[in-house]
Amino acid sequence: MLVDQRSAARKIVRAKAVVVMDGLPPQPGRTIDISGTGVSLTYDHKLAVGHMGQVTFELFMDGKGQLVNSRCKVNYCIFSGDQFKIGFTFVSPDLATMATVNKFLR
């Protein structure tokens, strides 16, 4: 039985994402959910745990899109259906990014 190891509350968010892993070209993804510490998304390619990169997506609040762009590290990669479910942890996000994420989570 798998135990959910996430300690932060998550909120469902469905948005297009762009993933730029170190050494690889930009690839599209689709967000699943977000917390104050990271984001999970579906992705067409397998990624190694610990791989670093940049993840960009949009959160809609108050009728406007807010761009979230953060350096991230792969926390897990699970094959699910015909895609991979990737869990990313934000790495040293800037204050504007965290303010946007925290406002969305309220």
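Here are a few exercises on this predicted model, each with a worked solution.

Some ground rules: local features need pLDDT of at least 70, side-chain atom pairs count only at pLDDT 80 or more, and totals for chains, interfaces and linings use all residues. Residues are numbered from 1 along each chain as its sequence is written, and side-chain values use heavy atoms, with hydrogens and water left out.

**Exercise 1. Fold and overall size**

Task: work out which secondary structure pattern the chain follows, and what its radius of gyration says next to the globule rule.

Solution:
- Start with the elements. There are one helix and seven strands, where helices (H or I, at least four residues) and strands (E, at least two) are DSSP runs numbered from the N terminus.
- Put them in sequence order and you get β-β-β-β-β-β-β-α.
- Now the size. The radius of gyration is taken over C-alpha atoms, and the rule is 2.2 Å times the number of residues to the power 0.38. For 106 residues a compact globule would come out near 13 Å, and the chain has 13 Å, so the two agree.
- As for the box along the principal axes, the C-alpha atoms fill roughly 35 × 35 × 25 Å.

**Exercise 2. Surface and charge**

Task: find how much of the accessible surface belongs to carbon and sulfur atoms, and how far apart the centres of the two charge sets lie.

Solution:
- The accessible surface (Shrake-Rupley method, 1.4 Å probe) is about 6,500 Å², and carbon and sulfur atoms own 56% of that.
- Next, count charges: Lys and Arg are positive, Asp and Glu negative, with His and the chain ends not counted. Each charge is placed at NZ of Lys, CZ of Arg, CG of Asp or CD of Glu.
- That gives 13 positive and 8 negative side chains, with the set centres 3 Å apart.

**Exercise 3. The core**

Task: identify which elements each supply at least two residues to the largest nonpolar core, then look at what I86 touches.

Solution:
- Buried means under 20% relative accessible area, exposed over 50%, and partly exposed in between (1.4 Å probe, protein chains only). Buried residues make up 34% of the chain.
- A nonpolar core is a set of buried Ala, Val, Leu, Ile, Met, Phe, Trp, Tyr and Cys residues joined through side-chain atoms within 4.5 Å. The largest one here has 23 residues, and I34, L41, V55, F57, L59, I86 and F88 have the most contacts inside it.
- The elements you're after are β2 (16–21), β4 (38–43), β5 (52–61), β6 (64–80), β7 (83–90) and α1 (95–105).
- Setting aside neighbours within four places in sequence, I86 has contacts (heavy atoms within 4.5 Å) that include V39, L41, V74 and Y76.

**Exercise 4. Along strand β6**

Task: take V68, S70 and C72 in turn and decide, buried or exposed? Then find what T97 is in contact with.

Solution:
- V68 lies in strand β6 and is buried at 0%. Beyond four places in sequence, V68 touches V55, T56, F57, L59, T97, T100 and V101.
- S70, also found in β6, is buried at 2%. With the same neighbours left out, its contacts include G53, F90, P93 and T97.
- C72 has its place in β6 too and is buried at 0%. Among its contacts beyond four places are H51, V55, F88 and V91.
- Finally, T97 lies in helix α1 and counts as buried at 6%. Neighbours within four places aside, T97 is in contact with V68, N69 and S70.
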